[in-house]
Amino acid sequence: MLWEVEGKWVVQGAIDVDIGANPSVEGGEEDEGVDDQAVRVIDIVDTFRLQEHPAFDKKQFVTYMKRYIKLLTPKLEPEKQELFNKHI
């Protein structure tokens, strides 16, 4: 339900690719149509497309979790429902 993980900042975008061409000989002094916008993101958040959840106070969190458990329980197999309800 709740995980604590360690992530790291990574730079996404603005990849510099050297194809071996000489721009001065080729007649191109500028990057033509290249968008160099690099963005710093946290690797885990970006990879799994995580979204920030709004902050809860204790009462809101308990209400949210009760609703989640109520919706989750019917999706479990009958024998696992007993065990889940016992340990939740």
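**Surface patch.** I looked first for nonpolar surface in this predicted model, and I found a patch of about 560 Å² made by Leu2, Phe56, Phe61, Val62, Tyr64 and Tyr68. Patches are built from residues with over 30% relative accessible area and no salt bridge; like charges are joined within 9 Å, and nonpolar side chains (Val, Leu, Ile, Met, Phe, Trp, Tyr) within 5 Å. A salt bridge is a side-chain nitrogen of Lys or Arg within 4 Å of a carboxyl oxygen of Asp or Glu. Areas come from the Shrake-Rupley method with a 1.4 Å probe, and for residues only the protein chains shown count as cover.

**Ground rules.** I noted that residues are numbered from 1 along each chain as its sequence is written, and that side-chain values use heavy atoms, without hydrogens and water. Local features need pLDDT of at least 70 and side-chain atom pairs count only at pLDDT 80 or more, while totals for chains, interfaces and linings use all residues.

**Phe61.** I placed this patch member in helix H3. Phe61 counts as partly exposed because its relative accessibility is 34%; buried means under 20%, exposed over 50%, and partly exposed in between (1.4 Å probe, protein chains only).

**Elements.** I listed four helices and two strands, in the order β-α-β-α-α-α from the N terminus. Helices (H or I, at least four residues) and strands (E, at least two) are DSSP runs, numbered from the N terminus.

**Confidence.** I checked pLDDT, the predictor's confidence in each residue, from 0 to 100. The chain mean is 82, and 76% of the residues reach 70 or more. Among the elements, helix H3 (residues 58-72) has the highest mean, 93, and helix H1 (residues 23-26) the lowest, 62.

**Ile69.** I moved along helix H3 to Ile69. Setting aside neighbours within four places in sequence, Ile69 is in contact (heavy atoms within 4.5 Å) with Phe84 and Ile88. Its C-alpha atom is 8.9 Å from that of Asn85, 16 residues apart along the chain.

**Thr73.** I found Thr73 in the loop between H3 and helix H4 (78-87). Is Thr73 buried or exposed? Thr73 counts as buried, because its relative accessibility is 12%. Beyond its neighbours within four places in sequence, Thr73 contacts Gln81, Phe84 and Asn85.

**Whole chain.** I closed with the totals. Of the 88 residues, 7% count as buried. The accessible surface comes to about 9,000 Å², and 53% of that belongs to carbon and sulfur atoms. Of the contacts with a separation of 6 or more, 68% join residues 24 or more positions apart.
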